[in-house]
Amino acid sequence: MTSGREKAYAFLKENVLTDPDRQGEFLSEQELANRIGVSRTPIREALLLLAAEDLVRLVPKRGAQIVPLSGREITELMELRGIVERYAAEQVIPGDRDALVAELTGLLERQRTLSGPEHAREFIAVDHLFHATIVAAAGNSLLKRHYDGLRSRQIRAGVVALYNQQGRQESVLTEHRAILAAIASGDRPAAHSAIDSHLETTLKVLLAG
């Protein structure tokens, strides 16, 4: 059974921290408690967990503030993603890729149906899943857990990128198709290039915003 703290933590991470309009905002414990349907104690406990992850800042007498991703954090996030995702592509390309290619194709098709700002968060959630599927296919469970730990920051950054540039959703789909095509054909240099291009473009959009 999910505890109140776990429920609050998941809700905050998935629905509040990823809202582009709430970046930098101070959160009301009572408002969140009413919205989630728990007491204020689980809210406080969840905020302490998020503060330990540097996702919120606890300010005396003011409460918890959503910490916007800094330019340095965004740059470091993309650098780390590049290292992990290029390595994962190297590991999956020599093996049997049929199941992976089929799964990625399905995710890409699902992502294609999520056009428009009203689907931005779901679009980015599937975006993360696309990349996480490649990482998981590398077969390194420790690396997978490490990559999964980046999920919240990736989704926050991805949603902001969609809001920063009109037409970004279609560009992401094109970039994902290039990654998928390179993996499907077993072309390691092309996979590296497609991953780098995707992350570099995302970084530029985020820093420009």
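User: What is the handedness of the crossing of α4 and α8?

Analyst: We're looking at a predicted model here. In it, the axes of α4 (residues 71–92) and α8 (residues 151–164) come within 11 Å and cross at roughly 115°. The crossing of this pair is left-handed.

User: Which residues in α8 do Glu73, Leu77 and Arg81 in α4 meet?

Analyst: By class, the contact of α4 with α8 has two nonpolar, one polar and three charged residues. On the α8 side, Glu73, Leu77 and Arg81 meet Arg153, Gln154 and Ala157.

User: Which helix gives the largest share of the lining of the largest cavity?

Analyst: The structure holds one cavity of 30 Å³ or more, and the volume is about 140 Å³. Of the 14 lining residues, the closest to the centre are Arg81, Ile124, Asp127, Gly158 and Thr202. At least two lining residues each come from α4, α6, α8, α9 and α10. The largest share, five residues, comes from α8.

User: Okay, over to the sheet. Why is one side of β1 and of β2 left without a neighbour?

Analyst: The sheet is open, with three strands in the order β1-β3-β2 and antiparallel pairing. One side of β1 (26–27) and of β2 (56–59) has no neighbour because each stands at an edge with a single partner strand.

User: And which residue in β3 is the bridge partner of Arg57?

Analyst: Four bridges join β2 to β3 (residues 63–66), and the two run antiparallel. Helix α3 (residues 40–52) lies across β1, β2 and β3, at about 115° to β2. For Arg57, the bridge partner in β3 is Gln65.

Conventions. Residues are numbered from 1 along each chain as its sequence is written. This is a predicted model: local features need pLDDT of at least 70, side-chain atom pairs count only at pLDDT 80 or more; totals for chains, interfaces and linings use all residues. Side-chain values use heavy atoms; hydrogens and water are left out. Two strands pair if DSSP finds at least two bridges between them. Contact means heavy atoms within 4.5 Å. Axes are lines fitted to C-alpha atoms, for helices over the stretch in contact, and angles run from 0 to 180 degrees between N-to-C directions. A crossing is left-handed if the near helix is turned anticlockwise from the far one by less than a right angle, and right-handed if clockwise. Ala, Val, Leu, Ile, Met, Phe, Trp, Tyr, Cys and Pro count as nonpolar, Asp, Glu, Lys and Arg as charged, and the others, Gly among them, as polar. On a 1 Å grid over the protein atoms alone, a cavity is a set of points where a 1.4 Å probe fits but cannot get out, and a pocket is an open set with protein on both sides within 12 Å along at least five of seven lines; lining residues have an atom within 4 Å of a point. Grid points are joined across faces, edges and corners, and a volume is the space filled by probe spheres set on the points.
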